[in-house]
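Please look over the structure below before reading on. The paragraphs after it go from the whole chain to its core, a pocket and two single residues.

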Amino acid sequence: MGTWKYHLLLSAVALFILGPLGGIAASYMNFSVGFFVGGQVLAGILGSAVTYGYGAEGKHGANYMQTMAASVASLCAMSVLIQSMVWLGMEMPAAWQLMLFVGCVGMFAVGVGMLYTPLLVDKLQLDYPSGLAVANILRALTDKRLLKASISKLGGGTLLGALAAWMTEKVAFVSSIGTSAATLGAGMIVGSRITVPAIMMAVIGAVLVPTLREIGWLGPQDPFRKIGFVIGLGMICGAAVVDLSLLAVQAAKRIRERASAKDEEEESWKKVNIPRLLAWVGVWGGATLVVGTQVLNQPVGWLLFGMLLALLFVLINGISFGITDQNPISSAFVISVLMMSMMGLRVPLVGMMAATILLISTSVGCDMQQDRSTGWRLGTNRVTQFRYQVLGVTMGALLCVGLARVFMTAYPALTINQLDNPNAEVGQWGSAMTYKLVGAIRDLGSLSQAVVNALLLGLAIGFIYELLRKVVRGNARYQQYVKGSRKGFAVGWTVDAILLPSPYASSFGGFVAFPVSLWFGAGGIVTSVWNTFSKRGEPAVSGSPGEGEALPEDMSTMSLMGGGLIAGESLFFLIAGLIGLASLLA
């Protein structure tokens, strides 16, 4: 351990196997479903198989690999930015130019994320629930039996996902019902309290379509999502107002608590050279501006504005991520678009490039902080982890553009602007994230009255529902009741999923086509039914029976199977696309 050969082994596995696997899945998920599941759990499990022979200390090596692989996945998920540029009719720069720009922004984001780490991770000691889950997984997977069981579940899900994708291509009936293993798998991971609200939103929207056409919010042939995404964006922003207000209070309280605590001597594995880190941020920020202006011919003022917003939102979203495990990238994007509009920007393509800096920075920077929280719990060397993340960003920048080109060339449906062609046959390529980004930015500064009204309606719904949820869920007697019996559990589920659903979860039903909502919802329902009626739905326990600590829900059977379904379908369509491209070139 610690030799150059050791780090070469870990880097090779993470860069050429785990990173691309997570990146392909993340890119495919955003192209199809419209959101992606981070690759930390998948990379942590597979990475632990590599480091198992090192014993308990192998957890640090597995952490290095999951850090690098997750960085690759985070940037690959940003392939939808290139798809958004195509939908907006932007003349696409050369691939190397896009790779250079994405790489520079990613390096800037890594530095910014690291800059806030001492505050958010060390001083405030935010929870970062996903970071805690990954730390627990890496500790637990020193158990050989658990490691084998986890890999077998992932492998089984992957085979099923690939089989389902093949049937989608070859069996007409399977294709006609909009089958999507990745969408089902995503629902299996998040559960029914998230997916049922999405179904409800989609059903309500479908019922209201005639009324919305009557009042002029929709055209004669428009589907609900044409206006549903605006309502959904409003709901996200309305809920974010409540959450960010509470976060400010919680952060202030945490600052006061930590200020009164005695400062402990900083361990060696935590130490970071701050002057060098500031220089890193400055150099890569300057490189981003140079590439953006000299290579991509964008105005320096708006690029600089995007970087300043990134400095702000990496901190704000980082606090949100640390407390709630939610990174509200969509909220940050919409707020940035509104701010640019109020400042006089009227060119959507310029706004898209400025917003690209913000989106990549909030994704990579907050992911950096989460990984540091995992390292903080394990005692992993912070500087070494930073270097692994830098390598991951380099590979991610290459794959981000490469995967976008491969997918969009192999599957032309991805290039269809679904806002302008609402009834186009696009198969499994729902592209809800792209739909959201393009819809928010293309009418920059010229919103119609219907769009304004829909946005205000969404804001009101999101604000009221999230406020009521906070009041109800913050009641100690209510919490005691829902945790005290099966009846209480049923009441809690009904409140969370039906009566007072999360606006963030509900909004998903406004961004995607109706069949996608149903498959997503079905995945969550399958998980809930399994967890209710099968003892295997309980988290596994490491060690001998009755010993050890319960593992996080990330390692439940349904969660691992869902991750496998996503990986299997995404790999199938990537390989099928590459074969198709090769035959065309031949």
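**From the surface inward**

The chain has an accessible surface of about 24400 Å², and carbon and sulfur atoms account for 66% of that area. The model shown is predicted. Its secondary structure consists of 23 helices and zero strands. Of the 586 residues in the chain, 55% count as buried. Contacts often link parts of the chain that are distant in sequence: where the two residues are at least 6 apart, 83% of contacts join residues at least 24 apart.

Next comes the interior. In soluble globular proteins, nonpolar side chains tend to be buried together. Here the largest nonpolar core holds 126 residues, and the members that touch the most others are Ile227, Phe333, Ile360, Phe407, Trp429 and Leu437. Helix α5, residues 95-123, gives this core its largest share, 14 residues. There is also a second core, separate from the largest, with ten residues, among them Met340, Leu345, Ala354 and Leu358.

One residue to look at in a helix is Ser363, part of α15, which covers residues 348-378. Is Ser363 buried or exposed? Its relative accessibility is 5%, which is under the 20% limit, so Ser363 counts as buried. Leaving aside residues up to four places away in sequence, Ser363 touches Phe36, Ser74, Met78, Asn327 and Ile329.

The second largest pocket encloses about 750 Å³ of space. It is lined by 34 residues, and those closest to the pocket centre are Val426, Gly427, Ala513, Pro515 and Val516. Several helices contribute to the lining: α7 (144-170), α8 (172-176), α10 (192-214) and α22 (514-533) each supply at least two residues. The largest share, four residues, comes from α22. By type, the lining of this pocket divides into 16 nonpolar, 15 polar and three charged residues.

The last stop is a loop. Asn297 sits between α12 (274-295) and α13 (300-324). What is the phi of Asn297? The value is near 60°, which is positive although the residue is not glycine. Most residues other than glycine have a negative phi. Asn297 has a relative accessible area of 61%, and because this is over 50%, Asn297 is classed as exposed.

The two single residues can now be set side by side. Ser363 lies within helix α15 and is buried, whereas Asn297 lies in a loop and is exposed.

How values were computed: Residues numbered from 1 in each chain as written. Predicted model: local features only at pLDDT ≥ 70, side-chain atom pairs only at ≥ 80, totals over all residues. Heavy atoms only, no water. Core = buried A, V, L, I, M, F, W, Y, C linked by side-chain atoms within 4.5 Å. Buried < 20%, exposed > 50% of the residue type's maximum accessible area, 1.4 Å probe, protein only. Contact = heavy atoms within 4.5 Å. Areas by Shrake-Rupley, 256 points an atom, 1.4 Å probe, with all protein chains shown as cover. 1 Å grid on protein atoms, 1.4 Å probe; cavity = no way out; pocket = protein on both sides within 12 Å on 5 of 7 lines; lining within 4 Å. Points joined across faces, edges and corners; volume = space filled by probe spheres on them. Nonpolar A, V, L, I, M, F, W, Y, C, P; charged D, E, K, R; others polar.
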